[in-house]
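User: Could you take a close look at one small part of this structure and walk me through it in plain words? I am in my first year, and I would like to see how that part fits with its surroundings.

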Amino acid sequence: MAQAGEAIGVPGETNSRIVAAYRQRTPRSGELAGEAASLLPSGIAHDSRHLDPYGLYIERAAGPYKWDIDGNRYIDFFGGHGALILGHCHPKVTEAVARALGEGTQFGSNHPREIAWARAIQRLVPAAERVRFTSSGTEATLMAVRLARAFTGRDTLLRFAGHFHGWHDHMSHGYSDHFDGTPTAGVLAGVAEKAILVPPGDLGAVAAILDRRRDICAIILEPTGSTFGQVPLDAAFSQGLRELTERHGVLLIFDEVVTGFRTSRGGAQAAFGVRPDLSCFAKIVAGGMPGAAVAGRKDVLDLLDFEASAAAGREKVGHPGTFNANPVSAAAGIACLTMLAETDANDVAAARAGELRAGLNALLAEEGLPWAAYGTTSGFHLFTNPKHRPGIHPLTFDPKTCAMDELKGGDKRLVGRMRLALLLNGVDSNPRLGGFTSATHSAGDMVDTIAAYRAAIHMLRGENELS
Ligand SMILES: Cc1ncc(COP(=O)(O)O)c(C=O)c1O
């Protein structure tokens, strides 16, 4: 979802009533955005926070809500880029963080919480025979690829077009542009060409490459499909990849940065019945704090192990990292994963998103709009039919009949305007008008959200943006 980093903004517009109302309702955000522009590139810290005329400045958050510095309340579906399945400031997480903060934020030493954190992961993800903590999902996928190269002695990574795995050099082309494999600005061509792109869902194409080439170290994917299933993939694809990779001695890496502990408590791998060689976790794994992990087969993670590498006569893979497994993130991660293991939080979040998808589709049908809400578990996507494909009906929509550029694309002006209209009606969606639900969203919040989408659609119609 929004985490994929591509911003959609409203191209500078001055005579829109929606833009004028947004400016009027959020004057202090506007002022801060002006100041930020002189300090931070585009005034922001993450590409997906780019919004025209400017993004909101948030002062505080609790449960499913956040409040901007002008005092406006929003039902939050950005969900901390997917990190907040328990909502904002869950009391158990906040308490654990406060305790850890009081005990010290950086020991430069081992600490008991890192063991408990790894155990909490292993409890939900049995394939996590060994765990190595990193500070971000980007670092986790970087480490997974490095381990795969060192383990197999092969140098080329196979990725799927549109799948996002963070922003390091092997991953920056082919998720929103550069689908031809050329490097993005600042990346070496020699690095980009060692990460080849295949159309998602095409097992035949993968099989042909693995038959032909002996240099593939690993296949990495977002198992439910690009951007939390915005371009969906089913279990059979992952199962097919598992068979192919086993046959060819290639490692299978599940990027569970979003799906981990969300698609099911045990992630996509539990839902699909597939045991990957390596898994990358971030977001939920650290309970809303910065933190991530690469986890998986002992014999692969043994490459990080001083003793095992020495015994095997192999060069160890190095891995420093000042904030790896920092105790405050560990405390949040343990609290969050324990809640997920011991309560129905995961199912509650999924139930809310199910209600929302159904309600939005009923609304779209009523409004006669050939769009559709879709998605799985605790997420929802909004298909805005950018190519005006005939025959789209919200109640029968099947995203598998659409191409990636239709599902991920959108009329930037329309989508940006709709996002502002949703904000004006108290809903913070992601930049593509979808989002994540948490266990703290209530059924009433879903009713209010559907009303906000209705009002936003009417505002767009008022500006002749929609037929
Ligand atoms: C599927 C996926 N992989 C990797 C990442 C990178 O994680 P991070 O932002 O923690 O570096 C993200 C971030 O949104 C993601 O969605």
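**One residue and its surroundings**

Analyst: Not counting neighbours within four places in sequence, Arg-314 has contacts with Leu-303 and Ser-309. Please keep in mind that this is a predicted model. Arg-314 sits in the loop that links helix H13 (306-312) to helix H14 (327-342). Is this residue buried, exposed or partly exposed? Counting the C-beta atoms around Arg-314 gives 13 neighbours inside 10 Å, so it is classed as partly exposed. A residue needs 20 or more to be called buried, while 12 or fewer would make it exposed.

Now let's step from the loop to a helix. The C-alpha atom of Arg-314 is 9.8 Å from that of Phe-151, although 163 residues separate the two along the chain. Phe-151 is one of the buried residues of H6, and others among them are Gly-137, Glu-139, Leu-142, Val-145 and Ala-148. Helix H6 covers residues 137-152, and its 16 residues should span 22 Å at 1.5 Å a residue; the C-alpha atoms at its ends are 22 Å apart, which agrees. When you look along a helix, it helps to know that an α-helix has 3.6 residues a turn, so residues three or four places apart point the same way. Directly after H6 comes Gly-153, which has a positive phi of about 70°.

Thr-141 is another buried residue of H6, and it leads us to a strand. Asp-255 is in contact with Thr-141, and also with His-165, Ile-220, Leu-221, Glu-222 and Cys-280, once neighbours within four places in sequence are set aside. Asp-255 belongs to strand S9 (residues 251-255). With 28 other C-beta atoms within 10 Å, Asp-255 is buried. Its C-alpha atom is 18 Å from that of Leu-84, a residue 171 places away along the chain.

Strand S4 (residues 130-134) is worth a look too. Four of its five residues are buried, so S4 is largely enclosed by the rest of the structure. S4 pairs with strand S11 (residues 292-296) in the antiparallel sense, over five bridges. Within that pairing, Val-131 is opposite Ala-295 of S11.

Stepping back, the domain assignment splits the chain into domain 1 (2-76 + 345-462) and domain 2 (91-342). Their C-alpha centres are 28 Å apart. Where they meet, 17 residues of domain 1 are in contact with 20 of domain 2. On the domain 1 side, helix H15 (345-367), strand S13 (379-383) and helix H16 (404-408) each provide at least two of these residues. H16 gives the most, with three residues. By type, that side of domain 1 has five nonpolar, nine polar and three charged residues.

There is also an open sheet of four strands, ordered S1-S2-S3-S14, with mixed pairing. Strand S1 (58-62) and strand S14 (427-428) are its edges, each pairing on one side only. Strands S2 (residues 65-68) and S3 (residues 73-76) run antiparallel and are joined by three bridges. Lys-66 has Tyr-74 in S3 as its bridge partner.

Finally, a word on confidence. The chain has a mean pLDDT of 96, with 97% of its residues at 70 or more. Residues 1-11 have pLDDT below 50, and this stretch has 54 contacts in the model beyond near neighbours in sequence. Where pLDDT is low, the predicted coordinates should not be read in detail.

How values were computed. Residues are numbered from 1 along each chain as its sequence is written. This is a predicted model: local features need pLDDT of at least 70, side-chain atom pairs count only at pLDDT 80 or more; totals for chains, interfaces and linings use all residues. Domain bounds come from an automatic or database domain assignment. Two residues are in contact if their C-beta atoms, placed from the backbone, lie within 7 Å. Helices (H or I, at least four residues) and strands (E, at least two) are DSSP runs, numbered from the N terminus. Ala, Val, Leu, Ile, Met, Phe, Trp, Tyr, Cys and Pro count as nonpolar, Asp, Glu, Lys and Arg as charged, and the others, Gly among them, as polar. The expected span of a helix is 1.5 Å times one less than its number of residues. pLDDT is the predictor's confidence in each residue, from 0 to 100. Two strands pair if DSSP finds at least two bridges between them.
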